[in-house]
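Trainee: I am new to this one. Can we go through it step by step?

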Amino acid sequence: MDRLDNTIRPYAWGSPTAIPHLLGVEPTGEPQAEMWMGAHPGAPSRTARGTLVEVIEADPERELGSRAVARFGPRLPFLLKILAAGAPLSLQVHPDLEQARKGYADEERRGIPLDAPHRNYKDANHKPELICALTEFDGLCGFRAPVQTADLLDGLGVDSLKPYVDLLHAHPEDAALREVLTAILSADREETAHTVAEATAACTRLGGAYAPYADIAHHYPGDPGVIAAMLLNHVRLQPGEALFLGAGIPHAYLSGLGVEIMANSDNVLRCGLTPKHVDVPELLRVVRFEPSDPGVLRPEASPEGEEVYETPIDEFRLSRYVLPEGGAARDLTRDTPQILLCTAGTVRAGEHELGPGRSVFVPAGEKAEISGAGTVFRATVIV
């Protein structure tokens with residue numbers, strides 16, 4: 001197995017301290033948002049044999065296993081991250097596989113450069129994802145029932161929100177949600193900024209259920225995404241709890257440290273809380289306008305001590321092992337590729353000693369035994 005040297009991405013919303021604290025190093029003073037583990041060409045992990053992209057390209061069947069190559073092609077189909085949100089991320093959705101393929105082909109046909117700021121589809125893949133909290137973790141996930149959102153907005157006492165309140169009482173619910181989100185994102189920006197300012201003052205004054213939206217507005221004053229965010233469920237994860245985000249589900253992470261895994265894609269359509277491109281017509285085509293419960297996931301334990309976060313996705317499978325002091329070694333050998341990440345304590349993976357934030361890549365079929373006292377997350381695929 002290969003010890004991984006991983007890139008940390010300094011996005012503006014990142015926490016300056018959470019990842020350094022996990023790694024046991026001094027903060028640089030700059031935001032550190034995500035640490036990427038995998039073979040994404042944008043920031044591949046490095047090994048003693050070269051980047052993980054180079055290692056896999058040299059012999060895909062040896063590294064990934066014949067079944068994974070047959071199912072997903074000669075590439076690692078998932079990307080594992082440590083994510084540290086010090087400020088809200090953009091309110092966003094991801095396309096399903098068919099939408100991604102069509103969108104990518106269309107933008108290729110129109111000659112839109114991959115790095116163009118108005119490009120929506122960077123690849124032809126979908127991007128389902130799972131976030132598992134390492135600390136208390138706040139986020140927004142899926143549409144709240146429209147009548148509940150109407151009550152929330154009405155409680156602010158902002159006259160310019162009354163039309164949205166009336167629309168949210170209409171039926172069917174999917175049409176009501178579509179009409180309100182369209183109205184929010186299409187409204188005059190100057191008028192919207194005034195509405196957001198009034199709503200922010202009310203959220204700050206009222207606190208309670210309004211407090212998360214007051215904090216969002218503090219980071220994005222005047223952004224119509226503040227009102228759009230109020231259409232969504234607020235959820236607070238405790239350590240070990242997780243959220244699965246499927247295609248078309250609007251969501252945003254607000255604060256906290258977590259382990260994130262996703263299909264190896266970079267396709268994001270944004271609704272707001274960002275200075276980046278917002279393509280309203282394409283966004284409305286991709287969003288699933290249906291109220292839903294956030295669906296907090298808790299791991300299901302096996303007799304072997306593996307705690308699995310079940311999702312309907314084959315490109316990734318995330319689980320964890322909590323190893324007690326003096327416990328027996330665990331054999332994790334599989335015929336699929338794996339990344340093992342330590343998040344607490346000190347564990348041994350093969351010949352490598354891993355502390356918090358340290359990881360290894362295990363080629364398919366390679367002997368993988370872990371021991372010690374700590375927590376290890378295991379990322380692999382289902383074939």
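What follows is a short exchange of questions and answers.

Mentor: This is a predicted model, where local features need pLDDT of at least 70, side-chain atom pairs count only at pLDDT 80 or more, and totals for chains, interfaces and linings use all residues. Residues are numbered from 1 along each chain as its sequence is written, and side-chain values use heavy atoms, with hydrogens and water left out.

Trainee: What span does helix α8 reach from its first C-alpha to its last?

Mentor: Helices are DSSP runs (H or I, at least four residues), strands are runs of E (at least two), and both are numbered from the N terminus. Helix α8 covers residues 173-186, 14 residues in total. The expected span is 1.5 Å times one less than the number of residues. That expectation is 20 Å, and α8 comes close to it, reaching 20 Å.

Trainee: Which residues of α8 are buried?

Mentor: Buried means under 20% relative accessible area, exposed over 50%, and partly exposed in between (1.4 Å probe, protein chains only). In α8 the buried ones are A176, L177, V180, L181, I184 and L185.

Trainee: Why do they lie on the same side of α8?

Mentor: An α-helix has 3.6 residues a turn, so residues three or four places apart point the same way. The arc is taken from the directions from the helix axis to the C-beta atoms. The buried residues lie on the same side of α8 because they cover an arc of only 150 degrees.

Trainee: Which elements do the buried residues of α8 pack against?

Mentor: Contact here means heavy atoms within 4.5 Å. Two strands and four helices meet that test: β9, β13, α6, α7, α11 and α12.

Trainee: Where is P172 found?

Mentor: The peptide bond from H171 to P172 is cis, with omega near 0 degrees. P172 is in the loop between α7 and α8.

Trainee: What is the relative accessible area of L273?

Mentor: L273 is in the loop between β13 and α12. Its phi is near 60 degrees, a positive value in a residue other than glycine. L273 is buried, at 1%.

Trainee: How far apart in space are S371 and E325?

Mentor: S371 sits in strand β21. This residue is partly exposed, with a relative accessible area of 26%. S371 and E325 are 46 residues apart in sequence, yet C-alpha to C-alpha they are 9.3 Å apart.

Trainee: Which residues does S371 touch, not counting those up to four places away in sequence?

Mentor: One stretch of its contacts is T346, V347 and R348. The full list is L323, A329, T346, V347 and R348.
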